[in-house]
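Q: Could you take a close look at one strand in this model and walk me through what surrounds it? I'd like one connected picture, bench-side style.

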Amino acid sequence: MSNVLSFEILGSPIGQGRPKFSTINGHAKAYDPEKSRNYKAYVRMLATQAMKENDFEMITGPCAIKIWAYFDIPKSKSKKFKEAALASKERPTKKPDADNIVKAILDALNGLMYKDDSCIVELSCVKYYSDVPRVEVYVDGYP
């Protein structure tokens with residue numbers, strides 16, 4: 001059994017969308033936008049698969065989460081910009097915001113990789129450019 005796990009989410013990073021609201025019988029109800037719901041389900045599926053492949057059990061104590069979000073380099077940018085972006089000298093300052101990327105991923109992993117959000121004692125998210133847009137998630141349970 002391991003208490004360290006990493007997995008990759010291929011595709012452009014997607015942040016948690018703003019909740020949508022509807023009224024049913026006079027009561028307001030908030031729900032996730034479809035794009036956020038689908039992304040969280042995808043992340044959860046990949047996490048479940050990685051857990052099975054690596055004999056990873058849910059963390060019930062403190063844990064650290066690191067999220068590395070890699071964005072596609074805009075095609076409209078110059079060759080010089082692309083070279084700088086691949087060397088991490090240019091960093092994405094575009095949406096989704098880092099906190100929204102984190103929120104979507106943590107929501108998907110809550111109750112699966114760790115017992116509750118309160119178990120997270122260390123958290124980081126970085127944004128880079130890459131030729132391969134993706135998100136890398138690293139989960140480390142403290143002994």
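**Strand E4 and its surroundings**

A: Let's start with a pairing: Ile65 has Val139 as its bridge partner in E6. Keep in mind that this is a predicted model. Ile65's strand and E6 run antiparallel, with 8 bridges joining E4 to E6. E4 also pairs with E5, but there the strands run parallel, and 10 bridges join the two. Over on that side, Ala64 stands opposite Glu122 in E5.

So how much of E4, residues 63-72, is covered? Mostly: 7 of its 10 residues are buried. As a rule, nonpolar side chains in soluble globular proteins tend to be buried together.

That brings us to the core. The largest nonpolar core here has 36 residues, and Phe7, Ile9, Leu109, Met113 and Tyr114 are the ones with the most contacts inside it. E4 supplies at least two residues of this core, and so does each of E1 (4-10), H1 (34-53), H2 (79-86), H3 (98-109), E5 and E6. H3 gives the most, with 7 residues. For a feel of the packing, take Phe7: among the residues it touches are Val43, Leu46, Leu109, Met113, Val135 and Val137.

Now follow E4's two partners to the loop between them: Val132 is found there, between E5 (120-130) and E6 (134-141). Val132 is partly exposed, with a relative accessible area of 44%. Together with Leu10, Tyr42 and Met45, Val132 forms a nonpolar patch on the surface, with about 360 Å² of accessible area in total.

Note on methods: Residues are numbered from 1 along each chain as its sequence is written. This is a predicted model: local features need pLDDT of at least 70, side-chain atom pairs count only at pLDDT 80 or more; totals for chains, interfaces and linings use all residues. Side-chain values use heavy atoms; hydrogens and water are left out. Patches are made of residues with over 30% relative accessible area and no salt bridge: like charges are joined within 9 Å, nonpolar side chains (Val, Leu, Ile, Met, Phe, Trp, Tyr) within 5 Å. Accessible areas come from the Shrake-Rupley method with a 1.4 Å probe; for residues, only the protein chains shown count as cover. A salt bridge is a side-chain nitrogen of Lys or Arg within 4 Å of a carboxyl oxygen of Asp or Glu. Helices (H or I, at least four residues) and strands (E, at least two) are DSSP runs, numbered from the N terminus. Buried means under 20% relative accessible area, exposed over 50%, partly exposed in between (1.4 Å probe, protein chains only). Two strands pair if DSSP finds at least two bridges between them. A nonpolar core is a set of buried Ala, Val, Leu, Ile, Met, Phe, Trp, Tyr and Cys residues joined through side-chain atoms within 4.5 Å. Contact means heavy atoms within 4.5 Å. Lists of a residue's contacts leave out its neighbours within four places in sequence.
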